[in-house]
Amino acid sequence: MARSSSPPPSARPVGSATRGTTNPNRLRRMDRWIAATHGAQLRRTADPVAVDLGYGAAPWTAVELLDRLRTARADAQVVGVEIDPARVAAAKPYERDGLVFLHGGFEVPLPGAPGRSPALIRAANVLRQYDEAEVAAVWARLCARLAPGGLLVEGTCDEIGRRHVWVALGPEGPRTVTFAARLATLSTPSDLAERLPKALIHRNVPGEPVHAFLRDFDRAWAAAAPYGALSARQRWIRSVHALHAAGWPLTDGPRRWRLGEVTVRWAALAPGAARP
């Protein structure tokens with residue numbers, strides 16, 4: 001995909017305002033995953049700027065993203081972008097070194113020289129209100145704004161961040177899907193289905209690969225029930241091992257599984273994909 005330059009300040013923002021619901025620490029699972037898996041690329045990039053797209057009615061998620069990215073690179077910067085100008089005005093008092101807030105949408109404005117591109121775009125709980133048919137075009141537009149080697153992370157979580165599913169995309173398109181949960185509150189892995197991103201949530205039906213994945217995950221979880229006597233973490237790890245043995249193309253390992261995560265290649269869960 002060709003990269004686009006930042007739009008002129010007078011351009012009308014692209015997109016629609018979200019509900020704006022946000023809470024402190026809501027996106028911690030996504031942020032920690034980004035810092036762990038994208039940190040090396042962030043350290044290599046010449047311009048370590050990230051965008052919190054559609055941060056909502058309060059700026060907490062952008063503030064937290066900066067703090068977490070700075071564990072990977074001390075000079076990381078975050079730009080909070082909101083389509084609602086009142087939310088931008090409310091966030092301005094929280095600006096500090098490395099953190100600014102701008103009015104904008106899917107065109108992803110950035111301060112500085114024209115043509116500047118972000119190393120990271122995080123869009124959490126933004127596409128939930130859009131139609132499934134609109135997702136591919138939004139993904140393509142956002143991926144076209146990424147710097148070489150950049151990352152788009154788009155997904156959905158519950159109100160306090162206990163359950164979260166996100167897709168990671170590069171300039172070439174979608175790469176992986178990550179499922180993350182606070183394991184102590186999880187009854188079955190398919191509880192995460194309600195937090196599937198818009199591209200997948202309507203595909204959780206028989207015959208679709210994401211449905212097969214969650215079905216197999218639930219079966220592995222049931223088979224691993226004896227490990228629950230040790231901890232929910234041990235039960236999760238055993239279940240994920242079973243998914244791997246069944247042929248699901250996982251991209252991570254026990255170090256991430258211990259955190260209540262598992263990441264699968266997008267190609268295995270994409271709508272219409274063949275069962276691995």
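This report describes strands, helices, nonpolar cores, aromatic pairs, salt bridges and backbone angles in one protein chain. The structure is a predicted model.

**Strand β4 and its partners**

Strand β4 spans residues 120-124, and five of its five residues are buried. Both faces of the strand are covered: L120, R122 and A124 lie on one side, while I121 and A123 lie on the other. β4 pairs with β1 (residues 49-53) in the parallel sense, over three bridges. In that pairing, V51 stands opposite I121. β4 also pairs with β5 in the parallel sense, here over five bridges. The bridge partner of A124 in β5 is G155.

R122, one of the buried residues of β4, also belongs to a network of salt bridges that links it with D31, D52, E64 and R68.

**Helix α6 and the nonpolar cores**

Helix α6 covers residues 209-223. Its 15 residues should span 21 Å at 1.5 Å a residue, and because its end C-alpha atoms are 21 Å apart, the model agrees with that expectation. The buried residues of α6 are P209, V210, A212, F213, L214, D216, F217, A220 and W221. The elements that cover them include β7, α5, α7, β8 (261-265) and α9 (266-269).

In soluble globular proteins, nonpolar side chains tend to be buried together. The largest nonpolar core of this model has 52 residues, and W139, F179, F213 and W236 have the most contacts inside it. Helix α6 supplies the largest share of this core, with six residues. Leaving aside residues up to four places away in sequence, F213 touches F179, L243, W248, V264 and L269. Apart from this core lies another one, of 27 residues, among them A50, A76, V78 and A168.

**Aromatic pairs**

A pair of aromatic rings is described by the distance of the centres and the angle of the planes. The structure holds nine aromatic pairs. One of them joins F217 and W236: the ring centres are 5.0 Å apart and the planes stand at 55°, so the pair is tilted. F217 lies in helix α6 and W236 in helix α7 (residues 232-245), so the pair ties together parts that are 19 residues apart in sequence. F217 and W236 are both buried. Together with F179, F213 and W248, these two residues form one aromatic cluster.

**Salt bridges**

Across the whole structure, 20 salt bridges are found. The table lists three of them, with the distance from N to O and the relative accessible area of each residue.

| Pair | N to O distance | First residue | Second residue |
|---|---|---|---|
| R195 and E159 | 3.8 Å | R195: 14%, buried | E159: 36%, partly exposed |
| R163 and E194 | 3.6 Å | R163: 16%, buried | E194: 40%, partly exposed |
| R203 and E208 | 3.1 Å | R203: 29%, partly exposed | E208: 14%, buried |

The salt bridge of R195 and E159 joins two loops. R195 lies in the loop between β7 (173-181) and α5 (198-201), and E159 in the loop between β5 (151-157) and β6 (163-170), so the pair ties together parts that are 36 residues apart in sequence. The salt bridge of R163 and E194 likewise links distant parts of the chain. R163 is in strand β6, whereas E194 is in the loop between β7 and α5, 31 residues apart.

In the pair of R195 and E159, R195 is buried because its relative accessible area of 14% is under 20%. E159, at 36%, counts as partly exposed.

**Positive phi angles**

Two residues other than glycine have a positive phi in this account. N25 has a phi near 70° and is found in the segment before α1 (28-44). With 30% relative accessibility, N25 counts as partly exposed. V108 has a phi of about 55° and is not a glycine. V108 lies in the loop between β3 (99-103) and β4, and with 0% relative accessibility it counts as buried.

Conventions: Residues are numbered from 1 along each chain as its sequence is written. This is a predicted model: local features need pLDDT of at least 70, side-chain atom pairs count only at pLDDT 80 or more; totals for chains, interfaces and linings use all residues. Side-chain values use heavy atoms; hydrogens and water are left out. Helices (H or I, at least four residues) and strands (E, at least two) are DSSP runs, numbered from the N terminus. Buried means under 20% relative accessible area, exposed over 50%, partly exposed in between (1.4 Å probe, protein chains only). Rings of Phe, Tyr and Trp (its six-membered ring) pair if their centres lie within 6.5 Å; planes under 30 degrees apart count as stacked, over 60 as edge-to-face and the rest as tilted. A nonpolar core is a set of buried Ala, Val, Leu, Ile, Met, Phe, Trp, Tyr and Cys residues joined through side-chain atoms within 4.5 Å. Contact means heavy atoms within 4.5 Å. A salt bridge is a side-chain nitrogen of Lys or Arg within 4 Å of a carboxyl oxygen of Asp or Glu. The expected span of a helix is 1.5 Å times one less than its number of residues. Two strands pair if DSSP finds at least two bridges between them.
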